[in-house]
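Here is a short report on one chain. Look over the sequence and the model first, then read on.

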Amino acid sequence: MRMNEANVGGAVTRLRRAQGQLAGVIAMIESGEDCANVLTQLAALSKALDRAGFTLVASGLRYCQAAQERGEEPPMSAAELEKLFLALA
């Protein structure tokens with residue numbers, strides 16, 4: 001399934017925010033920030049990446065379901081989407 005901004009929901013926005021968070025975490029480490037603060041921000045970054053991934057899988061599910069409802073062959077099978085979902089879990 002081809003990805004484009006129209007069918008991936010807010011995943012691109014989430015990833016751009018995560019990119020900023022990652023830069024912030026790197027800066028915290030480089031400046032010698034407290035370990036607990038760095039790990040708190042790293043956990044938030046990890047959660048943001050997970051949510052972006054789950055948004056992509058959910059968009060794929062909706063896209064494939066819509067294709068099926070139109071009588072078309074979906075670009076990915078349910079098994080393929082499940083495998084992608086489990087890779088994130």
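## A buried loop residue

M76 sits in the loop that links α2 and α3. The model is a predicted one. Is M76 buried or exposed? The relative accessible area of M76 is 16%. The cut-off for buried is under 20%, so M76 counts as buried.

Now take K47 as a second marker. M76 and K47 are 29 residues apart along the chain. Their C-alpha atoms are separated by 26 Å.

## Overall fold

The chain has three helices and zero strands. In sequence order the pattern reads α-α-α.

What is the radius of gyration of the chain? The value is 17 Å, whereas a compact globule of 89 residues would have one near 12 Å. Along the principal axes, the C-alpha atoms fill a box of roughly 55 × 25 × 15 Å.

## Helix α2

Helix α2 covers residues 35-69, which makes 35 residues. What span should those residues give at 1.5 Å a residue? The expected span is 51 Å. The end C-alpha atoms of α2 are 51 Å apart, so the two values agree.

Several α2 residues are buried, among them V38, L45, V57 and C64. The buried set also includes A48, A52, G53 and A67. T55, S59 and G60 are buried in α2 as well. Which helices do the buried residues of α2 pack against? They pack against α1 (11-30) and α3 (78-88).

A general point helps when reading such a list. An α-helix has 3.6 residues a turn, so residues three or four places apart point the same way.

## A residue on helix α1

T13 belongs to helix α1. Its relative accessible area is 40%. Partly exposed runs between the cut-offs of 20% and 50%, so T13 is partly exposed.

G60, one of the buried residues of α2, gives a reference point for T13. T13 and G60 are 47 residues apart along the chain. The C-alpha atoms of T13 and G60 are separated by 17 Å.

## Burial, contacts and surface

Of the 89 residues in the chain, 22% count as buried. Now consider contacts between residues at least 6 apart in sequence. Of these contacts, 61% join residues at least 24 apart.

The accessible surface of the chain is about 6300 Å². Carbon and sulfur atoms account for 56% of that surface. The chain carries 9 positive and 10 negative charges. How far apart are the mean positions of the two sets? They lie 5 Å apart.

Notes: Residues are numbered from 1 along each chain as its sequence is written. This is a predicted model: local features need pLDDT of at least 70, side-chain atom pairs count only at pLDDT 80 or more; totals for chains, interfaces and linings use all residues. Side-chain values use heavy atoms; hydrogens and water are left out. Helices (H or I, at least four residues) and strands (E, at least two) are DSSP runs, numbered from the N terminus. The radius of gyration is taken over C-alpha atoms; the globule rule is 2.2 Å times the number of residues to the power 0.38. Buried means under 20% relative accessible area, exposed over 50%, partly exposed in between (1.4 Å probe, protein chains only). Contact means heavy atoms within 4.5 Å. Accessible areas come from the Shrake-Rupley method with a 1.4 Å probe; for residues, only the protein chains shown count as cover. Lys and Arg count as positive and Asp and Glu as negative; His and the chain ends are not counted. The place of a charge is taken as NZ of Lys, CZ of Arg, CG of Asp or CD of Glu. The expected span of a helix is 1.5 Å times one less than its number of residues.
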